[in-house]
Amino acid sequence: MAADKWLESGEEPGDLYDLAGLARFHPAAKDILAALDRLTTELNQQKAHWRNDVRGKAERMLALAQQGRQIFSQDAARAAYDERLFVK
């Protein structure tokens, strides 16, 4: 499960591509959106986790995944996001 990478470790995703488990600047938006959808499904299952830290992290990752869906669903928003990453 991709969500385990983020929930069980102390790591945070470096960017939305990392959150989705794909290489930075992955060319196909449909692949990114599909990966974010899978991740969202996994994270939704963890929102009721018995450990507060896991539950809280799942909620934060869900918010990031939703942000990613908005960005990668719009060409202009994705171009602006990619530009910000490129200049880093």
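These are my notebook entries on a predicted model, taken one residue or element at a time.

**Entry 1: helix H4**

I started with helix H4, which covers residues 52–72. I wanted to know how far apart its end C-alpha atoms are. They are 30 Å apart, and 21 residues at 1.5 Å a residue should span 30 Å, so the two values agree.

Next I asked which residues of H4 are buried. My list reads Val54, Gly56, Lys57, Ala58, Met61, Leu62, Ala65, Gly68, Ile71 and Phe72. A lysine is on that list, Lys57, so I made a note to look at it on screen. I also jotted down a reminder for reading such a list: an α-helix has 3.6 residues a turn, so residues three or four places apart point the same way.

What covers these buried residues? The cover includes helix H1 (2–7), helix H2 (16–20), H3 and H5.

For contrast I picked Glu59, also in helix H4. Glu59 has 45% relative accessibility, so I put it down as partly exposed. I then took a distance from Glu59 to Glu42, which is 17 residues away along the chain. Their C-alpha atoms are separated by 11 Å.

**Entry 2: Asp15 and its partner**

Where is Asp15? I found it in the loop between H1 and H2. Is Asp15 buried or exposed? Its relative accessible area is 11%, and because the limit for buried is under 20%, Asp15 counts as buried.

I then looked for whatever meets this acid. Leaving out residues up to four places away in sequence, Asp15 touches Arg24, Tyr81 and Leu85. With Arg24 there is a salt bridge, and the closest N and O atoms are 2.6 Å apart. The pair also shows up as a side-chain polar contact, again at 2.6 Å. Arg24 itself is partly exposed, with a relative accessible area of 39%. So this bridge has a buried acid and a partly exposed base.

**Entry 3: more salt bridges**

How many salt bridges does the structure hold? The count is six, and I followed up a few of them.

One joins Arg69 and Asp37, with the closest N and O atoms 2.7 Å apart. Arg69 lies in helix H4 and Asp37 in helix H3, so this pair ties together parts that are 32 residues apart in sequence. Both ends are partly exposed: Arg69 has 30% relative accessibility, and Asp37 has 34%.

Another joins the side chains of Asp31 and Lys30, at 3.9 Å from N to O. The cut-off is within 4 Å, so 3.9 Å still qualifies. Lys30 counts as exposed, at 64% relative accessibility.

**Entry 4: Asp31**

I stayed with Asp31 for a closer look. It sits in helix H3, which runs over residues 29–46. At 32% relative accessibility, I noted Asp31 as partly exposed.

Which residues does Asp31 touch, not counting those up to four places away in sequence? The answer is Leu22 and His26. With His26 there is also a polar contact between the side chains, at 3.0 Å. That gives the Asp31 side chain a polar contact with His26 as well as the salt bridge with Lys30.

I also took a distance from Asp31 to Asn44, 13 residues along the chain. Their C-alpha atoms are separated by 20 Å.

**Entry 5: Phe25 and a nonpolar patch**

My last stop was Phe25, in the loop between H2 and H3. What is its phi? The value is near 65 degrees, which is positive, and this is a residue other than glycine. I noted it because most residues other than glycine have a negative phi.

Phe25 has a relative accessible area of 34%, so I marked it as partly exposed. I then asked which residues make the nonpolar surface patch of about 350 Å². They are Phe25, Phe86 and Val87. Val87 belongs to helix H5, residues 75–87. At 62% relative accessibility, Val87 counts as exposed. The patch therefore includes a partly exposed loop residue, Phe25, and an exposed helix residue, Val87.

Terms used: Residues numbered from 1 in each chain as written. Predicted model: local features only at pLDDT ≥ 70, side-chain atom pairs only at ≥ 80, totals over all residues. Heavy atoms only, no water. Patch = residues over 30% accessible without salt bridge, like charges linked within 9 Å, V, L, I, M, F, W, Y side chains within 5 Å. Areas by Shrake-Rupley, 256 points an atom, 1.4 Å probe, with all protein chains shown as cover. Helix = DSSP H or I, 4+ residues; strand = E, 2+ residues; numbered from the N terminus. Buried < 20%, exposed > 50% of the residue type's maximum accessible area, 1.4 Å probe, protein only. Contact = heavy atoms within 4.5 Å. Polar contact = N/O pair within 3.5 Å; in protein donor to acceptor, adjacent residues only side chain to side chain. Expected span 1.5 Å × (residues − 1).
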